[in-house]
Amino acid sequence: TFPHFSMNRQCVNIRCRILHPDFEKDKYRPYWSNLPYAFFPAAIPELDYVFFVEGEKKAIVLKNHGLPAYGLWGIYGIKDNWLPWFMKRFSNRYLLFDSDRVSVILSAYRQANRLNAKPIFLRGKPDDLLSRGEIDADFILQLAKETQ
């Protein structure tokens, strides 16, 4: 289960991820329906940069590797009323969406433009690559520096 928070730090939803393979296409279920979109914070308070990723699991994996992240409910999960806070709070913002489909890559560029962020693309899902040891946090940080 993953708690989701509003900009004023109130828990507004709790989502569950179903691990059974029969639910691969519909694996996330909210406990409460009809609530606003929220995000899953896995930030590191002393750092002034952040990575936006698709989903809670990716945010947790990034944080476990020392990279601050916010998990979104998908590639369109950044809401307009969040933009000023994220821009004020983090000097550098990066989108680290999966790059497995052209539509996701195009959305990453659109969302990065809205957030004044830099998109970063890997050959695979960031959480899987980190967990398997195919890349490390330093590799992602180097890519981030190269995009500035």
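Me: Hi! How much area does the chain expose, and what share of it do carbon and sulfur atoms supply?
Reply: Hi! The chain exposes about 8,400 Å², and carbon and sulfur atoms supply 52% of it. Accessible areas come from the Shrake-Rupley method with a 1.4 Å probe, and for residues only the protein chains shown count as cover. Keep in mind that this is a predicted model, where local features need pLDDT of at least 70, side-chain atom pairs count only at pLDDT 80 or more, and totals for chains, interfaces and linings use all residues. Residues are numbered from 1 along each chain as its sequence is written, and side-chain values use heavy atoms, with hydrogens and water left out.

Me: Thanks. What share of the residues is buried?
Reply: Buried residues are 45% of the 148 in the chain. Buried means under 20% relative accessible area, exposed means over 50%, and partly exposed is in between (1.4 Å probe, protein chains only).

Me: And how many helices and strands are there?
Reply: There are 5 helices and 8 strands. Both are DSSP runs numbered from the N terminus: helices are H or I with at least four residues, strands are E with at least two. Starting at the N terminus, the order is β-β-β-β-β-α-β-α-β-α-β-α-α.

Me: How does the radius of gyration fit the globule rule?
Reply: The radius of gyration is 15 Å, close to the 15 Å that the globule rule gives for 148 residues, so the chain is as compact as a globular protein of that length. That radius is taken over C-alpha atoms, and the rule is 2.2 Å times the number of residues to the power 0.38. Along its principal axes, the C-alpha trace spans about 40 × 35 × 30 Å.

Me: Let's go to the sheet. In what order do the strands of the open sheet come?
Reply: The order is 4-6-5-7-8, which makes 5 strands with mixed pairing. Strand 4 (40-42) and strand 8 are the edge strands, each pairing on one side only. Two strands pair if DSSP finds at least two bridges between them.

Me: Which strands does strand 5 pair with?
Reply: Strand 5 (residues 49-54) pairs in the parallel sense with strand 6 (residues 69-72) over 4 bridges. Within that pairing, Phe51 stands opposite Ala69. Strand 5 also pairs in the parallel sense with strand 7 (residues 92-95), over 4 bridges, and there Tyr49 has Asn92 as its bridge partner.

Me: How many bridges join strand 7 to strand 8?
Reply: These two run parallel and are joined by 2 bridges. Leu95 has Pro119 in strand 8 as its bridge partner.

Me: Back to the start of the chain. In which sense do strand 1 and strand 2 pair?
Reply: They pair in the antiparallel sense over 4 bridges, and Phe5 stands opposite Cys11 in strand 2. The two form a hairpin with 5 residues between them, and Arg9 in the turn has a positive phi of about 70 degrees.

Me: Where do the side chains of strand 1 point?
Reply: They alternate along residues 2-5: Phe2 and His4 point to one face and are buried, while Pro3 and Phe5 point to the other and are not.

Me: Which other residues have a positive phi?
Reply: Gly66, which follows helix 1, has one near 85 degrees. Asn116 has one near 50 degrees, and it is a residue other than glycine. Most residues other than glycine have a negative phi. Asn116 lies in the loop between helix 3 (102-115) and strand 8 (118-119).

Me: Is Asn116 buried or exposed?
Reply: Asn116 is exposed, with a relative accessible area of 51%. Asn113, in helix 3, is exposed with 65%.

Me: And Asp127, buried or exposed?
Reply: Asp127 counts as buried, at 3% relative accessibility. Its place is in helix 4 (residues 126-131).

Me: What does Asp127 touch, leaving aside its neighbours within four places in sequence?
Reply: Asp127 is in contact with Lys57, Lys58 and Val61, where contact means heavy atoms within 4.5 Å. The C-alpha atoms of Asp127 and Ala59 are separated by 8.2 Å, with their positions 68 residues apart along the chain. Lys58, Val61 and Ala59 are among the buried residues of helix 1 (residues 56-64).
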